[in-house]
Amino acid sequence: MTASAPRYMARFRCIAEACEDTCCAGLTVPISESRWSLLRQKVAGGPDEARVAALITPNPGDTTGSQAGILGKRADGHCAFLDEAKLCSLQRKHGEAVLPDGCSVFPRVLTRWGARVEMAGSLACPETARLCLLADDALVLESVDETQALRPQLARQVASGDDAWTAHADAVREAMLRLLARREVPFSTRLYALGRMALDLGDFYFPGTTAFAQGTTAFAQEATELRMSAEATELRPSAEAAPPDAAEAPRTADARLTGILRDAGSMDALEALRGQLEALELPGGPWAGICGAVLRSREAHVSSPRFLSLMRDVRAAYGGADTSPDEAWRLHVTRRTALESLRGERVQQYFLHHALNHVLRHPFTESQSLLRAVFFLVLRASVVRWVLLGHPAVVALLDSPGTPVATLDAAAVECFQLVAKHVEQAPQFLEFAEGLAGEGPETFARLLILVKGL
Ligand code: SF4
């Protein structure tokens, strides 16, 4: 059996003691009942029996057995089973099979599309962030042996194909990936186009839609209804009544979907959207306010010294805690323009790879709508853009144009990794994003504000 994965994940190997972070630092690590039982069997009668008994405690909130126990933490926030070389002592002595699922699989993110397993990566691992953001071929999809996915049985089933929402998911996702990769237009235009495409699909392509079940039967029925309504309102004499021609004909949902996906990536459409976006004048203060609020809310819940130190630096770089969002926005725009002219292509690559990986890693079928999934992508990109342009190394290099690109790369890896680890998946962030997205067309209006900030 094979799985598919972006090339950077096929290249991934844990760098263990050389890692600037560790997977478990600052995170809660649960263990399933079955894995805990296997571990107890393996350590029974040996020197680790007492440690395992003392350092794993039952999780009273677990109802399914999937998170039956919680691994203990050291005072520095690392897992109690991590050794001096930053390696897992349980894995070293008892093998991979005893590891909790999260430890075994991380930073791999496994999903099952129909019968096919896909392996994307979480940028919460510094090594995956490096491999994903910095290599220009990182996002090329290729086949890997399923054993590389480790525990493929854990893959989330995201597109079963037995309803219209998931049956068309592959085609929609393909169109998203193609659109994002259209480097002929700015990245912000591509995100805007993605939002536009989602909006256009939104009235008939959503979870639970029945528009597709109608198919050609519905088309015939709709044509008859149109004719009858024309007759009833005497728009034309019944003798002349005939099925509507192609121009008038209602289109099937399949045809509409195909047309929207095709047109979304056309150069004409992209150029038109680029013009619209450039002509649009929106205040930037709200964008700066949103990014700042997201980060402040996370600071209260995160104990990672690396994250907290970066947040302090970023806040200072935007003028400190008392700066107004408008003032912070002005600083951001100045830096964005300067960085664009210095290292524009490199920065575009980071954000493109982050977005492509986002589409692979967060299947949109898990959202309430495609537009909402795009909104989350744009919000995550906005937050990391804000952090990057407040990173001290980035601020400094704008004054020293000869700074090697490796300095920018290192800052980018730090920003994307720390935001992925401590912001993007946090319940408080997801809740905030849900509220910010609003409902229906207002989601699109809010998405526009975010896109303008990018
Ligand atoms: S964060 Fe990544 S590189 Fe670091 S220890 Fe974990 S898997 Fe290895």
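Arg 330 is partly exposed, because 17 other C-beta atoms lie within 10 Å of its own. The labels work like this: a residue is buried with 20 or more other C-beta atoms within 10 Å of its own, exposed with 12 or fewer, and partly exposed in between, the C-beta atoms being placed from the backbone. Arg 330 sits in helix α15 (residues 325-361). Helices (H or I, at least four residues) and strands (E, at least two) are DSSP runs, numbered from the N terminus. From Arg 330 to Gly 69 the C-alpha distance is 49 Å, and the two are 261 residues apart in sequence.

This is a predicted model, in which local features need pLDDT of at least 70, side-chain atom pairs count only at pLDDT 80 or more, and totals for chains, interfaces and linings use all residues. Residues are numbered from 1 along each chain as its sequence is written.

**The whole protein**

The protein has 20 helices and 8 strands. Its C-alpha atoms fill a box of roughly 95 × 55 × 40 Å along the principal axes. Of the 454 residues, 38% are buried. Two residues are in contact if their C-beta atoms, placed from the backbone, lie within 7 Å. Take the contacts between residues at least 6 apart in sequence: 77% of them join residues at least 24 apart.

Four domains are given: domain 1 (1-22 + 107-159), domain 2 (24-105), domain 3 (211-253) and domain 4 (281-453). These bounds come from an automatic or database domain assignment. Between domain 1 and domain 2, the C-alpha centres are 23 Å apart. Domain 1 puts 10 residues into their contact, and domain 2 puts in 10 residues. On the domain 1 side, 5 are nonpolar, 1 is polar and 4 are charged. Here Ala, Val, Leu, Ile, Met, Phe, Trp, Tyr, Cys and Pro count as nonpolar, Asp, Glu, Lys and Arg as charged, and the others, Gly among them, as polar.

**Around the ligand**

Which residues surround the ligand? They are Cys 14, Ile 15, Ala 16, Cys 19, Asp 21, Thr 22, Cys 23, Pro 107, Cys 125, Pro 126 and Glu 127. A residue joins this shell if its C-beta atom, placed from the backbone, lies within 6 Å of the ligand. By class, the shell holds 8 nonpolar, 1 polar and 2 charged residues.

Two members of the shell deserve a look at their backbone. Most residues other than glycine have a negative phi, and most peptide bonds are trans. Ala 16 is not a glycine, yet its phi is positive, about 45 degrees. Ala 16 lies in the loop between α1 (7-11) and β2 (30-31). It counts as exposed because it has 12 C-beta neighbours inside 10 Å. Pro 107 is joined to Phe 106 by a cis peptide bond, with omega about 5 degrees. The loop that holds Pro 107 runs between α5 (101-105) and β5 (108-113).

**The nonpolar core**

In soluble globular proteins, nonpolar side chains tend to be buried together. A nonpolar core is a set of buried Ala, Val, Leu, Ile, Met, Phe, Trp, Tyr and Cys residues joined through C-beta atoms within 7 Å. The largest one here has 117 residues, and Val 374, Val 378, Val 383 and Phe 416 have the most contacts inside it. Helix α16 (residues 370-388) gives the most to this core, 15 residues. Leaving out residues up to four places away in sequence, Phe 416 touches Leu 123, Ala 129, Leu 133, Tyr 350, His 354 and Val 384.

Helix α9 (residues 187-201) is mostly covered, with 13 of its 15 residues buried. How far apart are its end C-alpha atoms? They are 21 Å apart, which agrees with the 21 Å that its 15 residues should span at 1.5 Å a residue. The expected span is 1.5 Å times one less than the number of residues.

**Three buried residues**

Each row gives a residue, its helix and its C-beta neighbours.

| Residue | Helix | C-beta neighbours inside 10 Å |
|---|---|---|
| Arg 372 | α16 | 22, buried |
| Ala 198 | α9 | 26, buried |
| Lys 421 | α18 (residues 405-424) | 26, buried |

Not counting residues up to four places away in sequence, Ala 198 touches Leu 370, Leu 371 and Val 374. On the same basis, Arg 372 touches Ser 367, Ala 437 and Thr 443. Lys 421 and Ala 124 are 297 residues apart in sequence, but their C-alpha atoms are 4.2 Å apart in space.
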